[in-house]
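Me: Could you take me through one part of this structure up close? I am new to this, so please go step by step and tell me how the pieces fit together.

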Amino acid sequence: MATRVIVLGSGQDGGLPQFGARMAADTAARLDPLAVRLGPSLAVLDDTGRCLLIDASPDIKEQESRLLRLPAYAARKAANPFDGVILTHAHMGHYVGLAHFGREAAHTHQLPVWCTPDMAAFLRKHAPWEQLVALKNIALHPAAPDSVIEPWPGLKIRVFAVPHRGEYTDTLGLSINEKLLYVPDIDGWQHWAHARTEVARHALCLLDATFFSPAEIPGRDLKEISHPFIEDTLRAFGDMAKGRRLVLTHFNHSNPVCDPGSPQARAVLGAGFELAAEMQEFTL
Ligand SMILES: [Zn+2]
Ligand SMILES: [Zn+2]
C-alpha cells in the first residue's frame, strides 16, 4: 500500500501573504493564488483514506479543502477528519488550528494528539486548549523524544528533540518510516548534534528554510533569529545532496526563494536542493 506525504503548507508560521505585511511578495500572493504558501503542515495519507496530520496550522480549513480534492481523502468514511495529529511545538503556525477540533467546529471525538509531555502539559493547562481535552475532542498521547508513534499499523513516526526557542514547549523533529525527515523549525544546524547523522539516514529530508540570508531582515539582531539561513543549510549539507532529496520548506514571506524564478531560488536548485511547493506529494 502506498503511503503519501503531502505538503499542506510550505510557509513559515504566518504564511504568504503574511497578515499585516506589505512586501512585494505579500502583494503578489494576494493577487495570485498560486503564489500563496500556507502555514507549515504535512498530511500522511494512505490509499484507504487513513490520514495523519502533522501540525495543525492556522490555515487548517483551507488545507482540508485542498486535501478533499484527493480521491483517497475524499472517500474517507471516518467521523473525525484525521486519524490523529502530531504536534511539533507550540508556536502559532504549528498548533492553533487545533481550535477547529472543538465544539464550535468539527467537534471531533477522542482525536489522538501526539506531542511531547511538555506540550501535553501546556495544552492541559491553558485555555482554550484545555477545553478540547475536557470535552474529549482530543485525547492527548504524550510521546517522549526518541520514541516511536504508530498511528496505524505500518506507519511509524520516530520523534526526536531539536533545539528551537522554547518559550512554551520543547520542539520535535520527526522521521516517517525512516524514509522522510521533517525538521520545520530549528535554531541552527550547528546546535543539533545529530543533524548530519539524521540527514544521512534519510532519502528525503524536509528542512527549515525560514530565511535565505541576513539581507532580508535588516535591523534585526542575528542572535534573535532562531533559524539557519539557507546559505548555511547549503553549506551544512551540500555534500550530501547527491543520492538523496534535500527539500527546503517553512519559508518566511520575506524569503526570496518564495519566488521560484528568483536568482536565490535558482542558486538553491543549482546546489542540488529542492524547494517545497504547496500540495507537493512524496510517495514513501
Ligand atoms: Zn514554525
Ligand atoms: Zn517555531
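Reply: Happy to! Let's look at a metal site in this predicted model. Here the zinc ion (ligand 1) and the zinc ion (ligand 2) are separated by 3.7 Å. Asp13 sits in the loop between β1 (3-9) and α1 (24-31), while His250 sits in the loop between β12 and α9, so this pair ties together parts that lie 237 residues apart in sequence.

Now for the zinc ion (ligand 1) itself. Asp13 and Asp185 each coordinate this ion through OD, and His94 and His250 do so through NE2, at 2.0 to 2.2 Å. Along the chain, these donor residues follow the spacing D-x80-H-x90-D-x64-H. What about the geometry? The angles among the 4 donor atoms run from 78 to 177°, and the site is irregular. For four donors to count as tetrahedral, all angles would have to lie between 85 and 135 degrees.

Next, are the two loop residues buried or exposed? Asp13 has a relative accessible area of 9%, so it is buried. His250 is buried too, at 1% relative accessibility.

β12 (245-249) also leads us to the largest nonpolar core, since it is among the elements that give two or more residues to that core. The core has 31 residues, and Phe237 and Leu248 have the most contacts inside it. Its largest share, 3 residues, comes from α8. Beyond its close sequence neighbours, Leu248 is in contact with several residues, including Leu207, Ile230, Val268 and Phe273.

Methods. Residues are numbered from 1 along each chain as its sequence is written. Chains are lettered from A and ligands numbered from 1 in the order in which they are written. This is a predicted model: local features need pLDDT of at least 70, side-chain atom pairs count only at pLDDT 80 or more; totals for chains, interfaces and linings use all residues. Side-chain values use heavy atoms; hydrogens and water are left out. A nonpolar core is a set of buried Ala, Val, Leu, Ile, Met, Phe, Trp, Tyr and Cys residues joined through side-chain atoms within 4.5 Å. Buried means under 20% relative accessible area, exposed over 50%, partly exposed in between (1.4 Å probe, protein chains only). Helices (H or I, at least four residues) and strands (E, at least two) are DSSP runs, numbered from the N terminus. Contact means heavy atoms within 4.5 Å. Donors are N, O and S atoms within 2.8 Å of the metal (3.2 Å for Na, K and Ca); water is not among the atoms, so sites may look incomplete. Four donors count as tetrahedral if all angles lie between 85 and 135 degrees; four count as square planar and six as octahedral if opposite donors are over 155 degrees apart and all others between 65 and 115; anything else is irregular. Lists of a residue's contacts leave out its neighbours within four places in sequence.
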